Amino acid sequence: MKKQLATLAEKSTRAVPPSADAPSNGIISTTTDLLSSRVTAPFAVPALPPETVAEMYRQTLLIRRVEEFLLQAAEQGKIGGAMHSAIGHEANAVGAAAALQPDDYLTCTYRGHHHGLARGMDVGRAIAEVLGRADGFAGGKGGSMHFVAPQHGMMGSNGIVGAQVPHAAGLALASQLRDEGRVAITFFGDGALFQGVMHETFNIASKWKLPLIFYCENNRYSEMTPTWRTSSVGEFYLFARAYGMESAQIDGNDAEVVHAAVSLAAQRARAGDGPTFIEGITYRLAGHMAGDLETYRSAAEIEQQRSHDPLLVLRNRLLERGASEDAVAAIDAGVEKAVAAAVAFAEASPWPDATQAYTDVYRT
Ligand SMILES: Cc1ncc(C[n+]2csc(CCOP(=O)(O)OP(=O)(O)O)c2C)c(N)n1
Ligand SMILES: [Mg+2]
């Protein structure tokens with residue numbers, strides 16, 4: 001028995017390439033091979049109007065440039081605290097925002113700049129918040145991990161893994177009780193799925209048919225640990241089925257697919273059919289946080305994923321649908337200009353007044 005346990009422990013901590021020795025429960029397959037394959041949506045994905053695709057491309061590029069600036073600023077010591085970039089995750093935010101109403105609610109993780117920007121947060125004020133300046137959405141007191149803008153339905157990022165999920169259930173319940181017709185969407189990582197509160201929320205949301213969308217941004221790593229080393233289940237969207245919920249696994253790097261999935265889920269929620277679980281397969285192209293040495297994955301793996309970069313997907317889609325190279329270049333130039341102006345605004349913004357240190361601070 002002791003020997004068996006020792007063998008098991010050795011086996012479960014052994015670093016092996018996913019395809020060679022990924023855990024499988026023998027009933028369902030694992031998603032580990034998704035590192036190389038692409039997911040096909042289990043529903044029809046209508047082609048969006050060219051102007052919508054162009055706008056999604058513009059937003060994606062804008063988020064990318066903002067994140068690149070912020071990563072550089074963090075490396076230069078200009079940002080206090082941890083900063084997590086969403087480079088590579090943008091399509092999940094952009095596709096979802098395009099499918100929802102401006103007053104729908106959203107909660108997300110510490111990796112949330114893409115969600116706030118996709119919901120229309122002013123870029124200069126958003127950057128100012130991360131830099132800790134007075135013009136930020138939370139007066140510079142929230143920073144990167146507490147991105148918040150209720151006027152855009154952005155009800156908050158959260159540094160506690162999984163904590164934003166029951167918050168969204170509360171928002172959905174409020175909407176249901178007040179008959180507001182507003183949907184709540186909550187974004188979380190694959191790592192959050194193993195928190196108990198997630199399953200408590202899945203259960204009650206399904207039972208009460210809350211107008212809620214659970215959206216897992218499955219980048220296949222929880223900090224530095226690949227999920228195939230920790231999860232007994234490979235297909236995360238199947239968790240939801242145990243709670244009687246509709247669920248789907250989709251390509252989270254394709255904004256048009258995300259748009260279709262979130263539109264269907266929002267339709268169900270508004271019709272009183274309850275929550276939907278979406279698993280968007282994605283990949284973070286930068287480190288877990290600024291300063292991550294990334295010793296846990298190979299350069300070849302990252303390079304392979306670059307071929308399915310959400311920015312590239314949208315750019316190619318635009319060109320395939322007849323946009324000219326000049327039209328795309330004009331979008332690019334507009335974004336560069338807008339981001340430069342936003343950065344200048346944020347850097348010129350004053351530090352918060354020291355006398356304000358104890359305002360907006362709660363204690364129990
Ligand atoms: C309750 C809790 N436990 C642990 C942590 C430390 N932690 C911060 S990020 C993270 C990984 C979460 O991974 P995932 O949910 O996949 O999100 P990702 O960072 O990949 O977007 C962990 C464990 C935390 N912030 N909160
Ligand atoms: Mg993850």
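Hi everyone. A crossing of two helices is called left-handed if the near helix is turned anticlockwise from the far one by less than a right angle, and right-handed if clockwise. Helix H7 passes helix H8 in just such a left-handed crossing; helices here are DSSP runs of H or I with at least four residues, strands are E runs of at least two, and both are numbered from the N terminus.

A word on the source: this is a predicted model, where local features need pLDDT of at least 70 and side-chain atom pairs count only at pLDDT 80 or more, while totals for chains, interfaces and linings use all residues. Residues are numbered from 1 along each chain as its sequence is written, with chains lettered from A and ligands numbered from 1 in the order in which they are written.

Back to our pair. The axes of H7 (residues 164–178) and H8 (residues 196–207) come within 9 Å and cross at roughly 20°; axes are lines fitted to C-alpha atoms, for helices over the stretch in contact, and angles between N-to-C directions run from 0 to 180 degrees. That makes H7 roughly parallel to H8, a label for angles under 35 degrees. Val165, Pro166, Ala169 and Ala172 of H7 meet Val197, Met198, Thr201, Ile204 and Ala205 of H8, contact being C-beta atoms, placed from the backbone, within 7 Å.

Now the sheet. Six strands form an open sheet with parallel pairing, in the order E2-E1-E3-E4-E8-E7; strands pair if DSSP finds at least two bridges between them. At the edges sit E2 (154–158) and E7 (246–251), each pairing on one side only.

Terms used:
Angles under 35 degrees count as roughly parallel, over 145 as roughly antiparallel, 65 to 115 as roughly perpendicular and the rest as oblique. Two residues are in contact if their C-beta atoms, placed from the backbone, lie within 7 Å.
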